Amino acid sequence: MTENLTFISKPGGTLQGEIQVPGDKSVSHRSIMLGALAKGRTEVSGFLQGEDSLNTLRAFRAMGVPISEPQDGYLTIDGVGMHGLKAPSEPVYLGNSGTSMRLLSGLLVAQSFDVQLQGDESLTRRPMKRVIDPLAEMGAVIESREGKPPLLIRGGKALKGFEYRLPMASAQVKSSILLAGLYAQGETAVIEPAPTRDHTERMLQALGYEVVCEGRRISLKGGGTLTATKIEVPGDISSAAFFMVGASIAKEADITLKRVGVNPTRTGVIDILNLMGADIELLNERMLGGEPVADIRVRSADLKGITIPEYLVPLAIDEFPVLFIAAACAEGETVLSGAEELRVKESDRIQVMADGLQLLGVQAKPTADGIRITGCQRLGGGEINSHGDHRIAMAFSMASLRSYAELVIRDCENVNTSFPGFVELATQVGLRVEQSS
Ligand code: S3P
């Protein structure tokens, strides 16, 4: 991995035109995992060919699942059935992907073989106890050093269903337990403190598995089967978010983002931007393979600072880096609280964003569970360290739309985990960004 990939983002750009952002990362991971366990051939289109979802794909190939080489987002998975996975010949490397590690943990604790899961430096720092502990209550055995990767998953354990009240709003923990529950005796139920993305539940149902959703309690019974289907992955709203904020803060911007997933558990970014006074229109709303999609048109607007309602935090959890850029360009103060989860993402997103914003001359005060940002008319320039966090790198690229000097953003290689081709696509619609290694 080249840690020295740099983005240089220059003032003077705007965003105009129509684009299609790459496929949804969460849905792409799940298409491989569930397609692999299904009976028959699953066809996936719109798959995200980014490093994170490709690591999931490679993991299942290493466990004996025939998966075609993705081409323009299309691939086929010849599912091996619930009990058809084979022991990989070496440890499974999952790169930067927390979703792969946490969801795979749930799925693998029920297999007959041992497997080791490893990640890169950032993933190796991330907390895994949040899945290890509840899975252990189901009878799983996962060895780790202080709850951090690498994880050694001991196979051959009989799992029993249970009801788990999630201590934090986390779709990864919810999904991990539900995937283990597919193999557990009896019913497995999770109760969420707040709604989180429900792609696992939707896709299980699309592959013919009964999942009962009663308010915040989601349950399923072990021992069922999955049936192959066609999965169309919508564009990733988390990738669209950079352009939504970019168009809101730029002068004379008018951009349409085509075929973006607008699942209500993911649209917090639209709600927050609307509260800030953004000009966002949802057009052509329709269903695509069990997920709602729409074309999203965004035009320049005068944003104002707000206190972000806490219920929107899990619904916009990946979009805060770029929402902080919106806040930095808004009139008045924006206050975020109840977002301590941001400290354990690919980087500590509260601290890393506060450091970068301060460098651009913005008043940004981190708090234990959030941040207070006072907006200003013009941002400065300078050298930003993204700390290898893809979303921090892309968020600061958009800041040049309101800066008077160039931004040099370091350590941007991981943009490929979620948004391959970001620089090309952003350039196509008018952002003045280049990359150099
Ligand atoms: C994801 C859930 C979220 C999100 C991550 C993807 C998923 O993580 O931040 O990018 O696909 O389930 P948490 O469950 O840790 O909030």
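Q: What makes the pair formed by the ligand oxygen and the backbone of Ala171 a polar contact?
A: In this predicted model, a polar backbone atom of Ala171 is 3.0 Å from an oxygen atom of the ligand. The cut-off for a pair of N or O atoms is 3.5 Å, so this one counts as a polar contact.

Q: Which distances put Ser170 and Gln172 in polar contact with the ligand?
A: For Ser170, a polar side-chain atom lies 2.7 Å from a ligand oxygen. For Gln172, a polar backbone atom is 2.8 Å from an oxygen atom of the ligand. Pairs within 3.5 Å qualify, so both belong on the list. As for burial, the ligand taken alone exposes 390 Å², and the protein buries 95% of that.

Q: How do you know which residues are around the ligand?
A: A heavy atom within 4 Å is what it takes, so that cut-off sets the list. The residues that make it are Ser26, Arg30, Thr99, Arg102, Ser170, Ala171, Gln172, Arg197, Ile317, Asp318 and Lys345. By class, that's 2 nonpolar, 4 polar and 5 charged.

Q: Which helices each supply at least two residues of that shell?
A: They are H1 (25–37), H3 (98–108) and H6 (171–181).

Q: Why is the ligand said to lie between domain 1 and domain 2?
A: Because domain 1 (6–23 + 234–436) and domain 2 (25–232) both give residues to its shell. The ligand also sits in the largest pocket.

Q: What makes the peptide bond from Pro149 to Pro150 cis?
A: Its omega is near 0 degrees, and that goes with the cis label. Pro150 is found in strand S8 (residues 148–154).

Q: What makes the phi of Glu146 worth a look?
A: Its phi is positive, about 55 degrees, although Glu146 is not a glycine. You'll find Glu146 in the loop between strands S7 (141–145) and S8.

Notes. Residues are numbered from 1 along each chain as its sequence is written. This is a predicted model: local features need pLDDT of at least 70, side-chain atom pairs count only at pLDDT 80 or more; totals for chains, interfaces and linings use all residues. Side-chain values use heavy atoms; hydrogens and water are left out. A polar contact is a pair of N or O atoms within 3.5 Å; within protein, one must be able to donate a hydrogen and the other to accept it, and residues adjacent in sequence count only if both atoms are side-chain atoms. Accessible areas come from the Shrake-Rupley method with a 1.4 Å probe; for residues, only the protein chains shown count as cover. On a 1 Å grid over the protein atoms alone, a cavity is a set of points where a 1.4 Å probe fits but cannot get out, and a pocket is an open set with protein on both sides within 12 Å along at least five of seven lines; lining residues have an atom within 4 Å of a point. A molecule sits in a cavity or pocket if more than half of its atoms lie within 2 Å of its grid points. Helices (H or I, at least four residues) and strands (E, at least two) are DSSP runs, numbered from the N terminus. Ala, Val, Leu, Ile, Met, Phe, Trp, Tyr, Cys and Pro count as nonpolar, Asp, Glu, Lys and Arg as charged, and the others, Gly among them, as polar. Domain bounds come from an automatic or database domain assignment.
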